[in-house]
Amino acid sequence: MRILIPFYLLFLSLLSIALRPQKSKAESIAAGQEIYQDFCVQCHLSNGEGVSGVFPPLKASDYLFEDINRSIKGIKYGLKGEITVNDENYDGVMVSQGLDNEEIADVMNYILNQWGNQSEEFITPQQVAEVSKSTLN
Amino acid sequence: MIETPTETNYSYEVVVEGIDIPWGMAIINSNELLVTEKSGTLYYVKDGQKTAVKGLPDIYVRGQGGLLDVALHPNFSKNNVIYMTMGISAGENEEGGNTALYHATLNGTELSNVNLLYKASPNSKKGQHWGSRIVFDQEGHVYFGVGDRGNRDVNPQDLTRDGGKIYRLNLDGSIPEDNPFVNNSEAKKAIFSYGHRNPQGMVIHPKTGQVWENEHGPKGGDEINIIKKGVNYGWPEITYGVNYSGTPITNKTSKPDMEQPFYYWVPSIAPSGMAFSTSGVYKKWKDNLFVGSLKFEYLERIVIKRNKVVKREKVLEKIGRVRNVVEGPDGYLYLGVEGKGIVKIVPES
């Protein structure tokens, strides 16, 4: 019996990780706002409109809503080269900000539901974890 | 008002290609240089070919932090010692990171004797304001800056805390006996000046030997400062800037015990890098000050007469975000341009 105690403890700790309450969407959006103010606002601005031709808009951005995983990949690994957003071309560099998966999920949920943006999707850290460098654009 | 020249007698050539954020550089000679890429690579470049240097410490890349400046020891040609600033998270229990100064010996494309000389604390997960540039005076000191780490109300005015400071050490990392706060038992003894926001340009004035610095202010508050021992530069109690949102930070632009900037930019140019042109390579540029503009994507030429800025001019307008500018030992000005790499300004005969 005694020999089972470590397994029992291991089981309990795994269970507690699995049952750790996930943030609600509202909580994630609130956390994402802080991340946005810290890491994104300097270029994309507090109104999410960016700077035409230099920093692409996040507000009402076709690039964002066409493929959300593409933007997750951009935040996770950085993004450079030519992209077209709302019929305007951008050819800059966004470097990886060093955010972890949960922070990326939070800031995505914020961006997807701010400035009139609306999304049914709820981005989770697991979804961010599954986006890899080779995720197709 | 900044002027746009109607005629120019210079162009540029690309020295190193393919670096996203060439944060720092150190020119060894006309053929060899070191360049930092902010994401964590130090390149040794010879004749345009870049090789990643091995043996760097573990770098903490977050927000504006990562691998920052690199500089050659004043006696580099004999000892091959280099200095670097970077974000690291080592040595503390708190999550996050802070700015650190290292020195190391460069053997070809490998580092040895990698020594941590200073680590700002505590760690923080904030993305902002790490600084940092490295310069050396003639008296055997190394200077470097650390920004306020996004904690302006706590760090810059508190001598017991790191952040928002310019530091001075001996070349071996020890604290100079005549540093301004060595007799203050609570203070961080490496502090040389304080009340800074985010210093990202530093250079030794070629004639006076003083440390000149530029720093990112809030909106409308970017500054040039001449760094003096023990002096308080006022952030965030005095500033000419306002929050990015337009709301005020303070209504004070001066206080009796706080130093005024030598110059402040309206509008902000987002200054990074700083160099004096001391050579005769460029006509009419001798003794002018050069500062990179990240925001407006040009190099700014600043003419100073009788301690006043009398002329500002755009150089290489639209070249890209100018992260850095240094004068090489060959007298040429080298720029670090984001998304591009390193370019050299070449006079046209």
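In which sense do β14(B) and strand β15 of chain B pair, and over how many bridges? I began my notes with this pair, keeping in mind that I am reading a predicted model. I found that β14(B) and β15(B), the latter covering residues 211-215, pair in the antiparallel sense over five bridges. When I looked for a facing pair of residues, I saw that Ile204(B) stands opposite Val211(B) in β15(B). I also checked how covered β14(B), residues 199-204, is, and noted that five of its six residues are buried. The hairpin formed by β14(B) and β15(B) has six residues between the strands, and in it Gly209(B) takes a positive phi near 75 degrees.

**Backbone entries, chain B**

I next looked up unusual peptide bonds, and two entries fall in the loop between β9 and β10 of chain B. Ser121(B) and Pro122(B) are joined by a cis peptide bond with omega at about -5 degrees, and I placed Pro122(B) in the loop that runs between β9 (110-119) and β10 (134-136). The peptide bond from Gly131(B) to Ser132(B) is also listed as cis, with omega near 20 degrees, and Ser132(B) belongs to that loop between β9 and β10 as well.

I then turned to residues other than glycine with a positive phi. Asn113(B) has a phi of about 50 degrees and sits in strand β9 of chain B. For Glu297(B) I noted a phi near 60 degrees, and its place is the loop between β19 (289-293) and β20 (298-305) of chain B. Which of the two is buried and which is exposed? Asn113(B) counts as exposed because it has 12 C-beta neighbours inside 10 Å, whereas Glu297(B) counts as buried because it has 20 C-beta neighbours inside 10 Å.

**One lysine in chain B**

I picked out Lys311(B), which lies in strand β21, residues 308-315. With 13 other C-beta atoms within 10 Å, Lys311(B) is partly exposed. Once its neighbours within four places in sequence are left aside, Lys311(B) is in contact with Glu3(B) and Val303(B). I also looked up Asn288(B), which is 23 residues from Lys311(B) in sequence, and found the two 9.8 Å apart in space, C-alpha to C-alpha.

**Cores**

Which residues have the most contacts inside the largest nonpolar core? I found that this core has 77 residues and that Met25(B) and Ile82(B) have the most contacts inside it. Following Met25(B) further, and not counting residues up to four places away in sequence, I noted that among the residues it touches are Leu33(B), Val70(B), Asn324(B), Tyr334(B) and Ile342(B). A second, separate core of 20 residues includes Ile35(A), Phe39(A), Leu64(A) and Met108(A).

**Chain A and its helix α6**

I moved on to chain A, which has seven helices and two strands, arranged along the sequence as α-α-α-α-α-β-β-α-α. Of its 137 residues, 27% are buried. Among the contacts in chain A with a separation of 6 or more, 58% come from residues 24 or more positions apart.

Why is helix α6 of chain A largely enclosed by the rest of the structure? Nine of the 11 residues in this helix, which spans 101-111, are buried, so it is largely enclosed. The buried residues of α6(A) include Glu103(A), Ile104(A), Asp106(A) and Met108(A), and the buried residues pack against α2 (25-39), α5 (68-77) and α7 (125-130) of chain A.

I looked more carefully at α2(A) against α6(A), whose axes are 7 Å apart and which pack at an angle of about 95 degrees. Angles of 65 to 115 degrees count as roughly perpendicular, and the two helices are therefore described as roughly perpendicular to each other. Residues of α2(A) in this contact include Lys25(A), Ile29(A), Ile35(A) and Tyr36(A), and those of α6(A) include Glu103(A), Val107(A) and Tyr110(A). I noted that the residues of this contact divide into seven nonpolar, four polar and three charged.

**Between the chains**

My last entry concerns the two chains together: 14 residues of chain B are in contact with 10 residues of chain A. The side of chain B that touches chain A has two nonpolar, seven polar and five charged residues.

Technical notes
Residues numbered from 1 in each chain as written. Chains lettered and ligands numbered in written order. Predicted model: local features only at pLDDT ≥ 70, side-chain atom pairs only at ≥ 80, totals over all residues. Helix = DSSP H or I, 4+ residues; strand = E, 2+ residues; numbered from the N terminus. Contact = placed C-beta atoms within 7 Å. Nonpolar A, V, L, I, M, F, W, Y, C, P; charged D, E, K, R; others polar. Core = buried A, V, L, I, M, F, W, Y, C linked by C-beta atoms within 7 Å. Pairing = 2+ DSSP bridges. Axes fitted to C-alpha atoms, helices over the stretch in contact; angles between N-to-C directions. Parallel < 35°, antiparallel > 145°, perpendicular 65-115°, else oblique.
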